[in-house]
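Me: Can you walk me through reading an interface and a nonpolar core?

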Amino acid sequence: MKICLRLLTLALLVAVPALLVAHPVRAESTLDTILKEKKLRVVIDVANPPFGVLDKSGQPDGSDVAVARQMAKDMGVELEFVQVPTAGRISALLAGRADVTIASISVTSDRAKAVMFCNPNGALSIVILGPQSVAIKTPADLVDKRIGITRGTLEEAAVPKMAPQGTKIVWFDEIAATIQALLSGQVDAVAMTSFAGKTMEDGNPDKKIETKLTVTTAFYGPIVRHGDFDLRQWINTWIFLNTQNGTLAAIYKKYTGLDLPPLPVF
Amino acid sequence: MNYVFQFNVVWDHLPELLNGALLTIQLSAAAMALGLCLAVLCAYGKSAGPKPVRWLATAYVELIRNTPFLVQIFIFYFSLPAIGLYLSANTAALLAMTVNLGAYASEIVRAGIEAVPHGQVEAGRALGLKRLQIFRSIVIFPALKTVYPALSSQFILLMLSSSVVSTISAVELTAITSSLQSTTFRPFEFYFVATGLYLAMSLGFRAVLSTTYWAVFQRRGVV
(Lines give C-alpha, C1' and ligand atoms only; values in the text may rest on other atoms or scores of the structure.)
Protein backbone atom coordinates (compact mmCIF):
# COMPACT_ATOMS: atom_id res chain seq x y z
CA MET A 1 0.00 0.00 0.00
CA LYS A 2 2.72 2.38 1.02
CA ILE A 3 4.65 1.54 -2.11
CA CYS A 4 1.57 2.16 -4.18
CA LEU A 5 1.13 5.63 -2.70
CA ARG A 6 4.78 6.46 -3.23
CA LEU A 7 4.60 5.35 -6.82
CA LEU A 8 1.49 7.47 -7.33
CA THR A 9 3.20 10.52 -5.80
CA LEU A 10 6.22 9.93 -8.01
CA ALA A 11 3.99 9.65 -11.07
CA LEU A 12 2.24 12.93 -10.19
CA LEU A 13 5.56 14.66 -9.56
CA VAL A 14 6.69 13.70 -13.07
CA ALA A 15 3.39 14.14 -14.88
CA VAL A 16 2.14 17.50 -13.56
CA PRO A 17 5.17 19.61 -14.56
CA ALA A 18 5.20 17.79 -17.92
CA LEU A 19 1.59 18.89 -18.51
CA LEU A 20 2.38 22.44 -17.42
CA VAL A 21 5.24 22.89 -19.87
CA ALA A 22 3.42 21.11 -22.74
CA HIS A 23 3.46 23.19 -25.95
CA PRO A 24 0.27 25.20 -26.42
CA VAL A 25 -1.70 23.81 -29.37
CA ARG A 26 -1.67 26.26 -32.29
CA ALA A 27 -5.16 27.53 -33.15
CA GLU A 28 -6.52 25.81 -36.23
CA SER A 29 -6.39 28.09 -39.29
CA THR A 30 -9.27 28.50 -41.71
CA LEU A 31 -7.33 26.53 -44.34
CA ASP A 32 -6.84 23.66 -41.84
CA THR A 33 -10.58 23.62 -41.15
CA ILE A 34 -11.43 23.60 -44.87
CA LEU A 35 -9.08 20.68 -45.53
CA LYS A 36 -10.24 18.77 -42.43
CA GLU A 37 -13.93 19.19 -43.14
CA LYS A 38 -13.36 18.79 -46.89
CA LYS A 39 -15.67 21.72 -47.55
CA LEU A 40 -14.97 25.18 -49.01
CA ARG A 41 -17.72 27.71 -48.30
CA VAL A 42 -17.81 30.51 -50.88
CA VAL A 43 -19.92 33.69 -50.83
CA ILE A 44 -21.34 34.38 -54.29
CA ASP A 45 -23.74 36.98 -55.67
CA VAL A 46 -25.99 35.49 -58.32
CA ALA A 47 -27.69 38.79 -59.22
CA ASN A 48 -24.63 40.22 -60.93
CA PRO A 49 -24.27 39.18 -64.58
CA PRO A 50 -21.97 37.96 -66.04
CA PHE A 51 -20.03 37.17 -62.82
CA GLY A 52 -22.88 35.47 -61.02
CA VAL A 53 -26.29 34.52 -62.39
CA LEU A 54 -28.82 31.72 -61.98
CA ASP A 55 -29.13 29.50 -65.05
CA LYS A 56 -32.43 28.26 -66.46
CA SER A 57 -32.61 25.43 -63.92
CA GLY A 58 -31.93 27.84 -61.02
CA GLN A 59 -28.32 26.71 -60.53
CA PRO A 60 -25.57 29.30 -59.92
CA ASP A 61 -23.54 30.13 -63.01
CA GLY A 62 -21.22 32.92 -64.17
CA SER A 63 -17.50 33.63 -64.18
CA ASP A 64 -17.19 33.91 -60.37
CA VAL A 65 -19.09 30.65 -59.96
CA ALA A 66 -16.85 28.94 -62.53
CA VAL A 67 -13.74 30.19 -60.70
CA ALA A 68 -15.10 28.91 -57.37
CA ARG A 69 -15.95 25.49 -58.86
CA GLN A 70 -12.47 25.10 -60.38
CA MET A 71 -10.83 26.25 -57.14
CA ALA A 72 -12.71 23.72 -54.99
CA LYS A 73 -11.98 20.98 -57.53
CA ASP A 74 -8.25 21.72 -57.47
CA MET A 75 -8.29 21.89 -53.68
CA GLY A 76 -9.97 18.51 -53.61
CA VAL A 77 -12.84 19.61 -51.38
CA GLU A 78 -16.58 19.91 -51.64
CA LEU A 79 -17.96 23.34 -52.62
CA GLU A 80 -20.75 25.06 -50.70
CA PHE A 81 -22.25 28.28 -52.10
CA VAL A 82 -23.47 30.99 -49.75
CA GLN A 83 -25.72 33.21 -51.88
CA VAL A 84 -26.08 36.80 -50.71
CA PRO A 85 -27.43 40.08 -52.10
CA THR A 86 -24.82 42.41 -53.61
CA ALA A 87 -24.61 44.54 -50.45
CA GLY A 88 -23.92 41.47 -48.29
CA ARG A 89 -20.83 40.16 -50.06
CA ILE A 90 -18.41 41.43 -47.40
CA SER A 91 -20.62 41.24 -44.30
CA ALA A 92 -21.43 37.55 -44.92
CA LEU A 93 -17.70 36.80 -44.96
CA LEU A 94 -17.07 38.88 -41.82
CA ALA A 95 -19.94 37.08 -40.08
CA GLY A 96 -18.12 33.78 -40.66
CA ARG A 97 -20.80 32.34 -42.90
CA ALA A 98 -18.15 31.41 -45.48
CA ASP A 99 -14.38 31.10 -45.87
CA VAL A 100 -13.90 33.25 -48.96
CA THR A 101 -15.94 35.63 -51.13
CA ILE A 102 -15.58 35.23 -54.89
CA ALA A 103 -17.98 37.85 -56.17
CA SER A 104 -15.99 40.25 -58.40
CA ILE A 105 -14.99 42.46 -55.45
CA SER A 106 -12.84 45.28 -56.88
CA VAL A 107 -9.66 46.06 -55.00
CA THR A 108 -10.03 49.30 -52.99
CA SER A 109 -8.05 50.54 -50.01
CA ASP A 110 -11.26 51.08 -48.03
CA ARG A 111 -12.31 47.46 -48.45
CA ALA A 112 -8.81 46.32 -47.47
CA LYS A 113 -9.46 47.82 -44.02
CA ALA A 114 -12.13 45.18 -43.49
CA VAL A 115 -10.90 42.15 -45.45
CA MET A 116 -7.74 40.83 -47.15
CA PHE A 117 -7.59 40.76 -50.91
CA CYS A 118 -6.02 37.86 -52.81
CA ASN A 119 -4.37 38.62 -56.15
CA PRO A 120 -6.83 39.82 -58.83
CA ASN A 121 -8.49 37.23 -61.06
CA GLY A 122 -10.27 39.63 -63.43
CA ALA A 123 -10.89 43.25 -64.44
CA LEU A 124 -13.96 45.37 -64.96
CA SER A 125 -15.05 48.89 -65.88
CA ILE A 126 -17.75 50.92 -64.18
CA VAL A 127 -19.81 52.87 -66.70
CA ILE A 128 -22.83 55.15 -66.65
CA LEU A 129 -25.59 54.06 -68.98
CA GLY A 130 -28.87 55.62 -69.99
CA PRO A 131 -31.44 55.75 -72.76
CA GLN A 132 -30.52 57.60 -75.97
CA SER A 133 -32.95 60.42 -75.09
CA VAL A 134 -31.00 61.38 -71.94
CA ALA A 135 -28.12 63.73 -72.80
CA ILE A 136 -24.99 62.89 -70.78
CA LYS A 137 -21.66 63.62 -72.49
CA THR A 138 -19.45 64.87 -69.65
CA PRO A 139 -19.60 64.41 -65.86
CA ALA A 140 -21.01 67.97 -65.64
CA ASP A 141 -24.16 66.76 -67.44
CA LEU A 142 -25.00 64.61 -64.40
CA VAL A 143 -26.27 67.67 -62.49
CA ASP A 144 -30.00 67.30 -61.67
CA LYS A 145 -30.05 63.79 -63.18
CA ARG A 146 -31.24 60.85 -61.08
CA ILE A 147 -28.50 58.21 -61.16
CA GLY A 148 -29.29 54.72 -59.85
CA ILE A 149 -26.50 52.77 -58.15
CA THR A 150 -26.33 49.54 -56.15
CA ARG A 151 -25.25 49.44 -52.50
CA GLY A 152 -22.02 47.70 -51.59
CA THR A 153 -20.53 47.91 -55.09
CA LEU A 154 -17.54 49.66 -56.61
CA GLU A 155 -19.89 52.18 -58.25
CA GLU A 156 -21.21 53.14 -54.81
CA ALA A 157 -17.65 54.12 -53.89
CA ALA A 158 -16.64 55.64 -57.25
CA VAL A 159 -19.68 57.53 -58.56
CA PRO A 160 -20.21 59.97 -55.66
CA LYS A 161 -16.52 60.93 -56.00
CA MET A 162 -16.75 61.86 -59.69
CA ALA A 163 -20.31 63.19 -59.78
CA PRO A 164 -20.63 66.98 -59.51
CA GLN A 165 -22.68 68.58 -56.77
CA GLY A 166 -26.37 68.48 -57.66
CA THR A 167 -26.34 64.92 -58.96
CA LYS A 168 -29.24 63.01 -57.44
CA ILE A 169 -27.94 59.59 -56.48
CA VAL A 170 -30.54 56.90 -55.78
CA TRP A 171 -29.49 53.69 -53.97
CA PHE A 172 -30.87 50.19 -54.52
CA ASP A 173 -30.04 46.92 -52.74
CA GLU A 174 -29.57 44.78 -55.84
CA ILE A 175 -28.46 45.35 -59.41
CA ALA A 176 -31.76 43.82 -60.57
CA ALA A 177 -33.64 46.66 -58.82
CA THR A 178 -31.25 49.26 -60.25
CA ILE A 179 -31.87 47.92 -63.78
CA GLN A 180 -35.63 47.86 -63.15
CA ALA A 181 -35.50 51.49 -62.02
CA LEU A 182 -33.88 52.51 -65.32
CA LEU A 183 -36.27 50.44 -67.44
CA SER A 184 -39.33 51.85 -65.66
CA GLY A 185 -38.00 55.42 -65.93
CA GLN A 186 -37.64 56.00 -62.18
CA VAL A 187 -34.02 57.11 -62.78
CA ASP A 188 -32.40 58.88 -65.75
CA ALA A 189 -29.24 56.77 -65.82
CA VAL A 190 -27.51 54.00 -63.87
CA ALA A 191 -23.93 53.11 -62.96
CA MET A 192 -22.79 49.49 -63.11
CA THR A 193 -20.12 47.26 -64.62
CA SER A 194 -19.86 47.45 -68.40
CA PHE A 195 -20.77 43.75 -68.52
CA ALA A 196 -23.95 44.14 -66.50
CA GLY A 197 -24.73 47.15 -68.70
CA LYS A 198 -24.29 45.06 -71.84
CA THR A 199 -26.60 42.34 -70.51
CA MET A 200 -29.19 45.06 -69.82
CA GLU A 201 -28.77 46.63 -73.28
CA ASP A 202 -29.05 43.29 -75.06
CA GLY A 203 -32.07 42.26 -73.03
CA ASN A 204 -34.00 45.47 -73.75
CA PRO A 205 -33.23 46.59 -77.32
CA ASP A 206 -36.42 48.73 -77.48
CA LYS A 207 -35.12 51.01 -74.69
CA LYS A 208 -32.10 52.12 -76.78
CA ILE A 209 -29.71 52.11 -73.82
CA GLU A 210 -26.18 53.33 -74.49
CA THR A 211 -22.97 53.80 -72.51
CA LYS A 212 -22.51 57.46 -71.58
CA LEU A 213 -19.34 57.66 -69.47
CA THR A 214 -16.64 55.40 -68.10
CA VAL A 215 -16.22 56.06 -64.37
CA THR A 216 -13.27 53.82 -63.53
CA THR A 217 -11.51 50.58 -64.44
CA ALA A 218 -10.55 48.20 -61.66
CA PHE A 219 -9.25 44.74 -60.89
CA TYR A 220 -11.22 42.36 -58.72
CA GLY A 221 -10.21 39.33 -56.71
CA PRO A 222 -11.26 36.89 -54.00
CA ILE A 223 -11.33 38.20 -50.41
CA VAL A 224 -10.71 36.42 -47.10
CA ARG A 225 -11.00 37.56 -43.48
CA HIS A 226 -8.15 39.45 -41.86
CA GLY A 227 -5.59 37.01 -40.51
CA ASP A 228 -6.37 34.10 -42.84
CA PHE A 229 -2.91 34.26 -44.36
CA ASP A 230 -2.51 30.59 -45.25
CA LEU A 231 -5.84 30.49 -47.11
CA ARG A 232 -4.89 33.68 -48.95
CA GLN A 233 -1.51 32.18 -49.85
CA TRP A 234 -3.15 29.01 -51.18
CA ILE A 235 -5.57 31.07 -53.31
CA ASN A 236 -2.73 33.25 -54.64
CA THR A 237 -0.84 30.09 -55.60
CA TRP A 238 -3.95 28.81 -57.35
CA ILE A 239 -4.40 32.13 -59.21
CA PHE A 240 -0.74 32.04 -60.28
CA LEU A 241 -1.07 28.49 -61.62
CA ASN A 242 -4.35 29.15 -63.42
CA THR A 243 -3.08 32.38 -64.96
CA GLN A 244 -0.13 30.40 -66.34
CA ASN A 245 -2.22 27.52 -67.71
CA GLY A 246 -4.87 29.80 -69.22
CA THR A 247 -7.84 28.58 -67.15
CA LEU A 248 -8.69 32.05 -65.80
CA ALA A 249 -8.46 33.60 -69.28
CA ALA A 250 -10.76 30.89 -70.68
CA ILE A 251 -13.38 31.45 -67.97
CA TYR A 252 -13.22 35.25 -68.47
CA LYS A 253 -13.55 34.91 -72.26
CA LYS A 254 -16.45 32.47 -71.95
CA TYR A 255 -18.59 34.73 -69.74
CA THR A 256 -17.60 38.26 -70.78
CA GLY A 257 -16.67 37.73 -74.44
CA LEU A 258 -13.46 39.69 -73.83
CA ASP A 259 -9.78 38.77 -73.53
CA LEU A 260 -8.48 38.85 -69.98
CA PRO A 261 -6.05 41.78 -69.58
CA PRO A 262 -2.66 41.00 -67.93
CA LEU A 263 -3.32 40.56 -64.21
CA PRO A 264 -1.08 42.47 -61.79
CA VAL A 265 -0.07 40.85 -58.50
CA PHE A 266 0.60 42.33 -55.06
CA MET B 1 -13.70 34.38 -34.81
CA ASN B 2 -11.94 37.49 -33.51
CA TYR B 3 -13.95 40.47 -34.56
CA VAL B 4 -12.97 43.79 -33.00
CA PHE B 5 -15.96 46.03 -32.45
CA GLN B 6 -15.43 49.66 -33.41
CA PHE B 7 -18.42 51.69 -32.41
CA ASN B 8 -16.75 55.07 -32.95
CA VAL B 9 -17.55 54.77 -36.69
CA VAL B 10 -21.22 54.51 -35.78
CA TRP B 11 -21.18 57.60 -33.58
CA ASP B 12 -19.57 59.55 -36.46
CA HIS B 13 -22.56 58.69 -38.63
CA LEU B 14 -25.22 59.05 -35.92
CA PRO B 15 -26.88 62.15 -37.50
CA GLU B 16 -27.47 60.20 -40.73
CA LEU B 17 -28.92 57.25 -38.80
CA LEU B 18 -31.23 59.58 -36.88
CA ASN B 19 -32.33 61.19 -40.15
CA GLY B 20 -33.22 57.73 -41.41
CA ALA B 21 -35.11 56.98 -38.20
CA LEU B 22 -36.99 60.27 -38.64
CA LEU B 23 -38.19 59.23 -42.11
CA THR B 24 -39.24 55.84 -40.68
CA ILE B 25 -41.29 57.67 -38.02
CA GLN B 26 -42.82 60.09 -40.55
CA LEU B 27 -43.75 57.35 -43.01
CA SER B 28 -45.17 55.13 -40.26
CA ALA B 29 -47.16 57.88 -38.54
CA ALA B 30 -48.64 59.12 -41.83
CA ALA B 31 -49.47 55.58 -42.94
CA MET B 32 -51.09 54.86 -39.55
CA ALA B 33 -53.37 57.91 -39.80
CA LEU B 34 -54.29 57.40 -43.47
CA GLY B 35 -54.51 53.63 -43.13
CA LEU B 36 -56.91 53.88 -40.19
CA CYS B 37 -59.21 56.18 -42.19
CA LEU B 38 -59.12 53.74 -45.09
CA ALA B 39 -59.78 50.85 -42.71
CA VAL B 40 -62.81 52.53 -41.12
CA LEU B 41 -64.25 53.38 -44.56
CA CYS B 42 -63.71 49.82 -45.72
CA ALA B 43 -65.15 48.30 -42.58
CA TYR B 44 -68.21 50.52 -42.88
CA GLY B 45 -68.59 49.57 -46.53
CA LYS B 46 -68.27 45.92 -45.72
CA SER B 47 -70.75 45.92 -42.82
CA ALA B 48 -73.37 48.40 -44.00
CA GLY B 49 -72.73 49.32 -47.64
CA PRO B 50 -74.65 48.18 -50.72
CA LYS B 51 -73.60 44.89 -52.33
CA PRO B 52 -71.13 46.22 -54.97
CA VAL B 53 -69.32 48.20 -52.26
CA ARG B 54 -69.13 45.08 -50.08
CA TRP B 55 -67.66 43.08 -52.97
CA LEU B 56 -65.16 45.82 -53.74
CA ALA B 57 -64.06 46.06 -50.11
CA THR B 58 -63.76 42.28 -49.80
CA ALA B 59 -61.74 42.07 -53.02
CA TYR B 60 -59.36 44.79 -51.79
CA VAL B 61 -58.86 43.20 -48.38
CA GLU B 62 -58.30 39.71 -49.79
CA LEU B 63 -55.94 40.94 -52.52
CA ILE B 64 -53.72 42.85 -50.11
CA ARG B 65 -53.78 40.30 -47.28
CA ASN B 66 -52.85 37.44 -49.58
CA THR B 67 -49.90 39.00 -51.44
CA PRO B 68 -46.43 39.90 -50.12
CA PHE B 69 -45.79 43.46 -48.98
CA LEU B 70 -42.58 43.56 -51.03
CA VAL B 71 -44.46 42.80 -54.25
CA GLN B 72 -47.02 45.52 -53.42
CA ILE B 73 -44.20 48.04 -53.01
CA PHE B 74 -42.62 47.00 -56.32
CA ILE B 75 -45.97 47.47 -58.09
CA PHE B 76 -46.34 51.01 -56.75
CA TYR B 77 -42.77 51.97 -57.63
CA PHE B 78 -41.80 49.96 -60.72
CA SER B 79 -45.12 49.16 -62.41
CA LEU B 80 -47.14 52.37 -62.11
CA PRO B 81 -44.66 54.24 -64.39
CA ALA B 82 -45.84 51.91 -67.17
CA ILE B 83 -49.19 53.75 -67.08
CA GLY B 84 -47.44 57.11 -66.85
CA LEU B 85 -47.69 57.57 -63.07
CA TYR B 86 -44.27 58.41 -61.63
CA LEU B 87 -44.25 58.32 -57.84
CA SER B 88 -41.16 59.27 -55.86
CA ALA B 89 -39.77 56.50 -53.65
CA ASN B 90 -41.19 58.10 -50.49
CA THR B 91 -44.65 58.62 -51.99
CA ALA B 92 -44.72 55.07 -53.36
CA ALA B 93 -43.63 53.77 -49.95
CA LEU B 94 -46.28 55.78 -48.09
CA LEU B 95 -49.00 54.67 -50.52
CA ALA B 96 -48.01 51.01 -50.30
CA MET B 97 -47.87 51.15 -46.49
CA THR B 98 -51.27 52.88 -46.28
CA VAL B 99 -52.93 50.42 -48.63
CA ASN B 100 -51.37 47.49 -46.79
CA LEU B 101 -52.37 48.71 -43.33
CA GLY B 102 -55.85 49.65 -44.56
CA ALA B 103 -56.57 46.05 -45.53
CA TYR B 104 -55.32 44.46 -42.31
CA ALA B 105 -56.85 47.09 -40.04
CA SER B 106 -60.24 47.01 -41.79
CA GLU B 107 -60.72 43.39 -40.70
CA ILE B 108 -59.81 44.37 -37.13
CA VAL B 109 -62.22 47.34 -37.18
CA ARG B 110 -64.97 45.15 -38.67
CA ALA B 111 -64.56 42.74 -35.75
CA GLY B 112 -65.05 45.70 -33.42
CA ILE B 113 -68.17 46.85 -35.28
CA GLU B 114 -69.68 43.38 -35.04
CA ALA B 115 -68.98 43.31 -31.31
CA VAL B 116 -71.24 46.35 -30.68
CA PRO B 117 -74.48 44.97 -29.15
CA HIS B 118 -77.22 44.92 -31.75
CA GLY B 119 -79.68 46.46 -29.30
CA GLN B 120 -77.76 49.74 -29.38
CA VAL B 121 -78.09 49.98 -33.17
CA GLU B 122 -81.81 49.17 -32.90
CA ALA B 123 -82.18 51.84 -30.23
CA GLY B 124 -80.60 54.34 -32.59
CA ARG B 125 -82.96 53.30 -35.35
CA ALA B 126 -85.92 53.66 -32.99
CA LEU B 127 -84.80 57.23 -32.32
CA GLY B 128 -84.99 57.90 -36.05
CA LEU B 129 -81.25 58.19 -36.68
CA LYS B 130 -79.96 57.58 -40.20
CA ARG B 131 -77.51 54.74 -40.95
CA LEU B 132 -74.44 57.01 -41.08
CA GLN B 133 -75.53 58.84 -37.92
CA ILE B 134 -75.85 55.51 -36.09
CA PHE B 135 -72.40 54.50 -37.30
CA ARG B 136 -70.83 57.78 -36.29
CA SER B 137 -72.49 58.37 -32.93
CA ILE B 138 -73.19 54.86 -31.66
CA VAL B 139 -71.02 52.25 -33.33
CA ILE B 140 -67.55 53.47 -34.27
CA PHE B 141 -66.09 54.69 -30.97
CA PRO B 142 -67.01 51.63 -28.84
CA ALA B 143 -65.93 49.44 -31.79
CA LEU B 144 -62.49 51.07 -31.96
CA LYS B 145 -62.16 50.90 -28.20
CA THR B 146 -62.82 47.14 -28.21
CA VAL B 147 -60.18 46.40 -30.85
CA TYR B 148 -57.66 49.05 -29.84
CA PRO B 149 -55.01 46.59 -28.55
CA ALA B 150 -55.14 44.62 -31.82
CA LEU B 151 -54.97 47.85 -33.84
CA SER B 152 -51.94 49.05 -31.87
CA SER B 153 -50.09 45.80 -32.59
CA GLN B 154 -50.89 46.16 -36.28
CA PHE B 155 -49.53 49.75 -36.20
CA ILE B 156 -46.25 48.60 -34.61
CA LEU B 157 -45.98 45.77 -37.13
CA LEU B 158 -46.40 48.32 -39.91
CA MET B 159 -43.61 50.46 -38.48
CA LEU B 160 -41.29 47.45 -38.39
CA SER B 161 -42.20 46.25 -41.89
CA SER B 162 -41.46 49.75 -43.21
CA SER B 163 -37.82 48.55 -43.31
CA VAL B 164 -38.74 46.79 -46.58
CA VAL B 165 -39.23 50.10 -48.42
CA SER B 166 -35.43 50.52 -48.57
CA THR B 167 -35.60 48.22 -51.61
CA ILE B 168 -37.19 50.99 -53.69
CA SER B 169 -34.57 53.54 -52.59
CA ALA B 170 -36.58 55.27 -49.86
CA VAL B 171 -33.84 56.41 -47.50
CA GLU B 172 -35.27 55.29 -44.13
CA LEU B 173 -33.38 53.72 -41.25
CA THR B 174 -32.70 50.33 -42.86
CA ALA B 175 -31.55 51.94 -46.12
CA ILE B 176 -29.15 54.27 -44.30
CA THR B 177 -27.88 51.39 -42.18
CA SER B 178 -27.14 49.15 -45.14
CA SER B 179 -25.48 52.00 -47.05
CA LEU B 180 -23.28 52.86 -44.09
CA GLN B 181 -22.34 49.24 -43.32
CA SER B 182 -21.43 48.64 -46.95
CA THR B 183 -19.18 51.70 -47.16
CA THR B 184 -17.58 51.43 -43.71
CA PHE B 185 -17.55 47.59 -43.54
CA ARG B 186 -18.73 47.60 -39.93
CA PRO B 187 -21.96 45.59 -40.41
CA PHE B 188 -22.40 44.34 -36.83
CA GLU B 189 -21.97 47.75 -35.20
CA PHE B 190 -24.44 49.45 -37.53
CA TYR B 191 -27.05 46.68 -37.33
CA PHE B 192 -26.78 46.63 -33.52
CA VAL B 193 -27.44 50.36 -33.32
CA ALA B 194 -30.25 50.14 -35.89
CA THR B 195 -31.84 47.36 -33.82
CA GLY B 196 -31.67 49.60 -30.77
CA LEU B 197 -33.26 52.48 -32.69
CA TYR B 198 -36.11 50.27 -33.93
CA LEU B 199 -36.71 49.04 -30.38
CA ALA B 200 -36.78 52.63 -29.11
CA MET B 201 -39.19 53.66 -31.87
CA SER B 202 -41.51 50.71 -31.11
CA LEU B 203 -41.59 51.64 -27.42
CA GLY B 204 -42.12 55.30 -28.36
CA PHE B 205 -45.03 54.48 -30.66
CA ARG B 206 -46.51 52.22 -27.98
CA ALA B 207 -46.36 55.09 -25.47
CA VAL B 208 -48.02 57.50 -27.93
CA LEU B 209 -50.70 54.95 -28.76
CA SER B 210 -51.56 54.35 -25.08
CA THR B 211 -51.74 58.09 -24.49
CA THR B 212 -54.08 58.37 -27.47
CA TYR B 213 -56.23 55.59 -26.01
CA TRP B 214 -56.52 57.43 -22.75
CA ALA B 215 -57.26 60.80 -24.44
CA VAL B 216 -59.79 59.50 -26.95
CA PHE B 217 -61.61 56.75 -25.10
CA GLN B 218 -61.12 56.90 -21.34
CA ARG B 219 -61.30 60.63 -20.84
CA ARG B 220 -64.42 60.91 -22.99
CA GLY B 221 -65.99 57.98 -21.16
CA VAL B 222 -66.58 55.76 -24.15
CA VAL B 223 -67.98 52.45 -22.91
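Reply: Sure, starting with contacts, meaning heavy atoms within 4.5 Å: 23 residues of chain A touch 20 residues of chain B. This is a predicted model, where local features need pLDDT of at least 70, side-chain atom pairs count only at pLDDT 80 or more, and totals for chains, interfaces and linings use all residues. Residues are numbered from 1 along each chain as its sequence is written, chains are lettered from A in the order in which they are written, and side-chain values use heavy atoms, with hydrogens and water left out.

Me: How much area is buried between chain A and chain B?

Reply: Interface size is often given as the accessible area lost when the parts come together. Here that's about 1800 Å², with 60% from carbon and sulfur atoms (1.4 Å probe, summed over both parts). On the chain A side, A:Leu94, A:Arg151 and A:Gln186 lose the most, together 31% of what that side buries.

Me: How many salt bridges are there between chain A and chain B?

Reply: Zero, taking a salt bridge as a side-chain nitrogen of Lys or Arg within 4 Å of a carboxyl oxygen of Asp or Glu.

Me: And which residues touch the most other members of the largest nonpolar core?

Reply: Nonpolar side chains tend to be buried together in soluble globular proteins. A core here joins buried Ala, Val, Leu, Ile, Met, Phe, Trp, Tyr and Cys residues through side-chain atoms within 4.5 Å, buried being under 20% relative accessible area (1.4 Å probe, protein chains only). Of its 82 residues, those are A:Phe172, A:Met192, A:Met200, B:Leu17, B:Val109 and B:Val139. Beyond four places in sequence, B:Val139 contacts B:Ile113, B:Val116, B:Val121 and B:Ile134.

Terms used:
Buried area = accessible area lost by both parts, 1.4 Å probe. Buried < 20%, exposed > 50% of the residue type's maximum accessible area, 1.4 Å probe, protein only.
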